[in-house]
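Please open the structure in your viewer and keep the selection tool at hand. The tour below goes stop by stop, saying what to select and what is there.

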Number of protein chains: 2
Amino acid sequence: MHIRQADRAKNRILSAAEALFAEKGVAGVTLRQITANAHANLAAVNYHYFDKERLAWEIFLRRIRPLNAARLEALAKLEAGCGDQPVAFSAIIDAFARPLFICGSDPDGYNAHSRRLVGRIFTEPLPFAPELLGTEMQPTMTRFAQAIRRHAPKSSPADFVWRFSFVVGAMHHALATLHDMQARTNGICRNNDAEAALRNFIAFGVQAFT
Amino acid sequence: MHIRQADRAKNRILSAAEALFAEKGVAGVTLRQITANAHANLAAVNYHYFDKERLAWEIFLRRIRPLNAARLEALAKLEAGCGDQPVAFSAIIDAFARPLFICGSDPDGYNAHSRRLVGRIFTEPLPFAPELLGTEMQPTMTRFAQAIRRHAPKSSPADFVWRFSFVVGAMHHALATLHDMQARTNGICRNNDAEAALRNFIAFGVQAFT
DNA sequence: GCTTGAATCATACATTCGTTTAAAATATCC
DNA sequence: GGATATTTTAAACGAATGTATGATTCAAGC
């Protein structure tokens, strides 16, 4: 039943637009490019997503929401799992970063383009960026900031916040540039090597807070 | 002599466009917005800069070129200054970051918008981005990577390259989001506090490589 | 098989985009 | 101060943009 031909175009548009937005930014992509890559009609975007802005909103939300849910769930499971004994610090960083580099339980085609898209979130200039960051990202950020601060050597609030910001920046920059690592490292790193990125980032993040 | 009224519009366009590009990205800004903010005529952009792309090119180059020159000069002076004794490691990170956060000898109106613009360089999707990064950024990057690697405990080439990439990412993310720190740190940090950002980043960078 | 609702399609709309033109204004130099 | 070069201006251009329209095709239920 219901291998609906109906939502095929709708989903093709979602994938094509995600890839294009990740490469060129939302403002740098036209609906005609999207529908051409998706092998769909121009009017299909407005039919299925009302307008370009809501399409972008849905694309970002489709990734951010399950990602942050996975991060919070991993952190909760972590803190609940080991009773009163302190949580392994690297496990917190892992819970923070792994869903961004390697998709967890909610694949839905999470790929290199998705990573690059998520890496754009903080710098992509969108009308709904403040709301998106405020409602979807900020709670997870403060939640992890608290967890990290609890398990790391104390420093002044300002020092800690700066450090946290740097670590987040390193992570998102890595996501946004993972597709181009080979050229920028003179061939030492491979492109889109998410496993290596995650492994190295965890070590990096652990050290940053200790 | 020659306080030319002539290039006033030319310079006003440069400043207005830099601020707008920093906020909304190149693709998200129209020539009409630029010329309106610059109190100049629409045709002035094409007259003084030929087209929008060359305007963007000049804007990025105006910042990157003196910045990288200042960084390389600071590093050279550092290595020449202390004979055979090892260079203070924090001084290398300082030479790397200071020209980005606080303008050195080549002000020319370097300000909060300039920082945000420079912070965009790695993620801004421009036709000339590969060339810009390759010819202007890459040499400085490899030069500092060598200097850092020489004065830091040895690690495998891959590990070091990952770490270097993370540090660069942290730096550029900080530049790109410095304007919005107060909201994202629940009021702990001030907006556009470049001195605090630099101070904290140096400590962060030193630790990342030791 | 026919009807109904949804999806796709070709096409056109009104704006807005970057760019061009040519005249008006301004600065520069002898 | 008048000739010359440079800059600014208003107006318009074609092309490209997001969106809307109405017909057509498709899938499903009775």
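Begin by selecting A:H39, which is exposed, since 11 other C-beta atoms lie within 10 Å of its own; a residue is called exposed if 12 or fewer other C-beta atoms lie within 10 Å of its own, buried if 20 or more do, and partly exposed in between, with C-beta atoms placed from the backbone. Before going on, note that this is a predicted model, in which local features need pLDDT of at least 70 and side-chain atom pairs count only at pLDDT 80 or more, while totals for chains, interfaces and linings use all residues. Residues are numbered from 1 along each chain as its sequence is written, and chains are lettered from A, with ligands numbered from 1, in the order in which they are written.

**The first loop.** A:H39 sits in the loop between helix 2 (31-37) and helix 3 (44-49) of chain A, where helices are DSSP runs of H or I with at least four residues, numbered from the N terminus. Its phi is near 50°, a positive value in a residue other than glycine. Most residues other than glycine have a negative phi.

**The next loop.** Now select A:F50, in the loop between helix 3 and helix 4 (52-81) of chain A. A:F50 is not a glycine, yet its phi is positive, at about 70°, and the residue is exposed, with 12 other C-beta atoms within 10 Å.

**A covered helix.** Move to chain B and select helix 6 (residues 112-120), which is mostly covered, as seven of its nine residues are buried. Among these buried residues are B:R115, B:L117 and B:G119.

**Both chains together.** Show both chains and ask what turn lays chain A on chain B. The turn is 180°, with a shift of 0.0 Å along the axis and an RMSD of 0.0 Å, when the copies are superposed by least squares on the C-alpha atoms of residues with pLDDT of at least 70 in both. That is the relation of a two-fold axis. To find the axis from chain A, select A:A170, whose C-alpha is the nearest to it in that chain, at 2.1 Å.

**Where the chains touch.** The contact takes 32 residues from chain A and 32 residues from chain B, two residues being in contact if their C-beta atoms, placed from the backbone, lie within 7 Å. On the side of chain A that touches chain B, the elements giving two or more residues are helix 1 (6-24), helix 8 (157-177) and helix 10 (194-208). Finish by selecting helix 8 of chain A, which gives the most to that side, with 15 residues.
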